[in-house]
Amino acid sequence: MEGSCGLITLQKKPVALKSISVTLSIHEFVACVSATLNYENEEKVPLEASFVFPMDEDSAVYSFEALVDGKKIVAELQDKMEAQHKYEDAISQGQEAYLLEEDSDSRDVFCCNVGNLQPGSKVELTLRYVQELPLDADGALRYVLPAILNPRYHLSGRLEDSCLDIKTPLVPLDELPYTLSMVATISSQHGIQRVHSNCPLSAVAFLADDKTSAQVSLAEGHKFDRDVELLIYYREVHSPRVSVEAGMLEKKPDSLMGDPSVMVSFYPNIPEDEASMTCGEFVFLMDCSGSMQCPMNNQDGSQSRIEAAQETLILLLKSLPIGCYFNIYQFGSSYKEFFPESVKYTQQTMEEAVNRVKLMRADLGGTEILAPLQNIYRKPPISGHPLQLFVFTDGEVSDTFSVIKEVQSNGNKHRCFSFGIGEGASTSLIKSIARVSGGTSEFITGKDRMQPKVLRSLKHSLQPAVEDISLSWNLPPGVSANLLSPEPTVIFRGQRLILYARLTGKMPAAEATGEVGLKYTLQDKRFEDKLTFSLQPKPDADLTIHRLAAKSFIQTKDLGLTQTPAMDKKDVLKISIESGVISSFTAFIAINKELKKPVQGPRVYREIPRPVLYKAFKSPRILCGSGAPLLHAQSLGSTYSSLRCSVSMMGKPCSSNNSRTKSKSSHKVIGGTKLMQLIDLQKANGSWDLNEDLTKILGVSLEDLLAAHPAQHVDLSGWATVLAVVWLHTHGKDQKMEWELLERKAVAWIHTQAGSNVPTLVKTANTLLKSSVDPAVFAP
C-alpha cells in the first residue's frame with residue numbers, strides 16, 4: 001500500500017490547505033469579514049499551492065497578510081502584472097511568496113497562490129473585505145459566504161488566461177480535506193429580531209438585554225454543498241441615514257483616503273400606483289443549458305430548475321398587460337427565439353407562447369449568452385414600447401466582462417432584470433448586468449421560489465418611470481461633496497438607494513451640520529427626501545466607508561483587462577492602489593524577505609481540491625448542479641473547455657451541458673397544482689371561460705355554477721372570472737405575490753363587463769365556494 005501523511009487527494013498527494021475560518025462582523029447593513037486560510041506542508045519537498053474560490057461581486061477586498069512562524073507579513077497591493085512578475089521571481093529564487101488576485105474575467109472569483117512552502121512549515125493567510133448587504137423584500141438583510149464555485153463555460157474556440165482554467169482535482173464531499181468555520185457578531189441600534197440560515201447554526205446568543213447585539217456560529221461539519229446564507233431581521237430597517245467617516249491622518253487632504261467619506265442611504269417613499277404601465281416590449285431570455293434539469297434545492301420532490309422556469313414564464317405571460325409586445329429566447333450553446341420579432345400580446349400569441357414554454361427542455365448544451373443578447377439589441381425598437389429584458393441563468397460564462405459591456409453599451413434603451421438560479425451562480429454577471437442597465441437582480445437558492453422574485457421584478461418594470469432624479473447638497477461655505485457612486489438614474493418603490501461621496505475643503509466645528517436631498521418626479525409630481533446630518537467625522541480603523549466608496553467607483557469603471565477603456569483603467573488603478581481595494585488591474589503580493597536561506601530542492605505544484613458529491617464521484621455519468629468544477633478531460637473523454645459539469649445537491653444524475661447530450665428525464669406536467677391549472681386557463685385579457693376544466697378546480701359542478709349565476713345579463717365569462725378570483729384569494733393567498741398582477745388584470749376586466757353587478761357576483765361566489773373574500777379586493 002502506498003504510504004502517505006496527513007490528508008490526501010485522490011492522486012494520493014497530501015493537501016496543503018487544512019482549514020478556512022471566517023470571522024464576520026455585521027453592523028447595520030455592512031459586513032466586515034476576515035477569512036483565514038490555514039496551510040501546512042506535510043510533504044518532504046517545497047510546495048507551491050493554488051486555491052481558487054468564489055467571492056461576492058460586491059466584496060471590497062482591502063487586506064491580505066501572511067503569518068509565517070509567528071511573523072506577520074503584510075502584502076502590498078500593486079499593479080497586477082508587476083505583482084505577478086515579483087511573485088514568479090521570488091519563488092524562482094527560493095523565497096517564500098504569496099499572491100492574491102481577482103480572476104481576469106470575473107470579479108467574483110479569486111485565486112490565492114502560496115509559493116515555496118517549506119516541508120513541515122505552516123502559514124496562515126488572512127484576507128479582509130467589507131460589503132453592503134442587500135435587502136430582501138421581507139425586510140431581511142442577506143449575507144452570503146460563497147462556498148460553491150460553478151465552472152465557467154468557455155465560448156467556442158475562445159482561450160482564456162483565467163485562474164478558472166486550473167484543472168482542480170475533485171474529492172467526494174465526505175472526504176474533503178479542509179474544514180470551514182464561521183463566527184458572526186451582529187449589531188444594530190434598532191434591535192435584532194431573529195437570524196435565519198440555510199445551514200445549521202448554533203443558538204443565537206444575545207449579547208445585550210435590549211437585543212442590539214448577538215453572536216451566532218456555523219455548526220461544525222459544513223460540507224461545502226451550498227453557500228452559507230444568513231438572513232438578519234432587525235426591528236426596523238427602513239431608516240434613512242448619513243454616516244461621515246474620518247480619513248487617514250497620514251494621508252494628504254484632497255485625496256480619497258485623506259478626506260472624510262460619506263455614506264448616504266435613502267429609502268424613497270414612492271407612492272404605490274395601481275395604474276401600471278400598459279406599454280413595453282418584454283423579452284425573456286431563458287437558460288436551457290443541461291444543468292437547468294437539476295433540482296432547485298436538496299429537498300425530496302423539489303422541482304427541477306427548468307420546471308420552475310416554465311411555471312415562471314407562464315405566470316409572466318399571464319401577467320403581461322394588454323397592448324404590450326413580447327418575445328422569448330432560449331439559449332445554451334446556441335439560441336432559439338419564439339418569434340422572429342417581438343409580437344403584440346394577444347390571446348393567440350399568448351397561447352402559442354404558453355404551448356411552446358410547456359415543451360421547453362434543458363437540452364441546449366452550454367451557456368453562451370452573448371450571441372442572443374446581441375441579437376436582441378440588434379432588433380429595431382418598437383416606438384412607445386421601451387425594452388424590458390429579463391435574463392434567467394444558472395450558469396456562468398468565462399467572458400463575464402464582455403457580456404457586461406454589451407449590456408452597458410445598450411443601457412440607454414432598455415432595463416435588464418437578472419436572475420441567478422441555484423447555488424454558485426455568478427454574482428458578477430447577475431448583479432452587474434442589472435446595475436449597468438438600471439434594473440434589479442435576484443438570486444434563487446435553497447428553498448427560495450423563483451416565481452415570487454420574478455413577479456416582483458415584473459411589478460418593478462411596470463411601475464411608472466421615476467424621472468428627473470437629482471442629488472443636492474447643502475453644506476457650509478468651503479465644503480463640497482464629490483460623488484463617487486454613479487448618479488442615480490432609477491428608483492424602485494420599496495428599495496434602498498446607497499450613495500458614496502467624498503467631502504473636500506476645511507471641515508467646520510463639531511456642531512456643524514449638512515443636508516443632502518434626493519429629488520425626483522413621478523407622473524408630473526415632484527418629490528424630495530431630505531436628510532440632515534452631523535459633519536463631525538467619526539474614526540474607523542478599518543476605513544469601512546472609504547473602502548466601500550472605492551469599491552463603488554471601481555465597479556462603475558472596471559470592465560476587466562480587455563474591456564476597460566484606457567482612461568478608465570488609469571482611474572481604476574489609481575483608486576485601487578490608493579484605497580487598497582483590489583481590482584482587475586491590481587493584486588496583493590507578499591514576500592518573506594527575512595528567510596535566512598533560500599528554499600532548497602525542486603518545487604512541487606499542488607492545486608487545492610474542490611468538492612464533488614460522493615454519488616457523483618463514483619459514477620462515470622455526467623451530473624449537474626451545485627458544486628463541482630470542470631472534470632479532467634482524461635476522466636470523461638471530453639475537452640476541458642467545452643464541458644461544464646456540476647453536481648446536484650441531491651446527487652441525482654442530470655443531463656450534461658455538452659450540446660451533444662440530450663436530456664432524457666421526463667418533466668412533470670406543468671400546472672400540477674390547482675393554482676397553476678387555474679392560471680393556465682386564464683385568457684390574455686384577464687378573463688376565464690366557464691367550462692369543465694374550471695369546474696374541476698373550483699370543485700363545483702357546471703350545472704350548479706350555471707344555476708347560481710346571479711346576474712343573467714352578465715355573460716358567463718364575467719361570472720367565471722369572479723369565481724376564479726374568489727378561489728385565488730381563498731386557496732392561493734400564500735402565493736399572492738405570484739398571481740397579484742394577473743388578478744389585477746382580471747379585476748379590471750370584470751368591471752368593464754359587469755359594472756354595478758360586481759358586488760352581487762362576489763356575494764354569490766363567496767356563498768357557492770364557501771369563502772369569505774372581502775368584496776374590497778374587487779374595487780376598481
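1. Let's start with a small open sheet of strands in this predicted model. Three strands make up the sheet, in the order β26-β29-β30, and their pairing is antiparallel. The edges belong to β26 (466-474) and β30; each has a single partner strand, so one side of each is left without a neighbour in the sheet. On average, neighbouring strands here are turned by 15 degrees against each other, direction ignored.

2. Now for the pairing of β26 with β29. These two strands run in the antiparallel sense and are joined over seven bridges. If you would like a pair to find on screen, try Trp473, whose bridge partner in β29 is Val516.

3. Stay with this part of the chain for Gln523, in the loop between β29 (513-522) and β30 (525-534). Gln523 is not a glycine, yet its phi is positive, at about 50 degrees. Its relative accessibility is 43%, so Gln523 counts as partly exposed.

4. Asn116 is another residue to look up. Its phi is near 60 degrees, again a positive value in a residue other than glycine. Asn116 sits in strand β8 (residues 109-117). Is this residue buried or exposed? Asn116 counts as buried because its relative accessibility is 3%, and the cut-off for buried is under 20%.

5. Finally, have a look at helix α17, which spans residues 736-754. Where does this helix bend? The bend is at Leu742 and comes to about 35 degrees. Just after α17 comes Gly755, with a positive phi of about 55 degrees.

Methods: Residues numbered from 1 in each chain as written. Predicted model: local features only at pLDDT ≥ 70, side-chain atom pairs only at ≥ 80, totals over all residues. Heavy atoms only, no water. Helix = DSSP H or I, 4+ residues; strand = E, 2+ residues; numbered from the N terminus. Buried < 20%, exposed > 50% of the residue type's maximum accessible area, 1.4 Å probe, protein only. Bend = angle between axes of the 7 residues up to and from the residue. Pairing = 2+ DSSP bridges. Axes fitted to C-alpha atoms, helices over the stretch in contact; angles between N-to-C directions.
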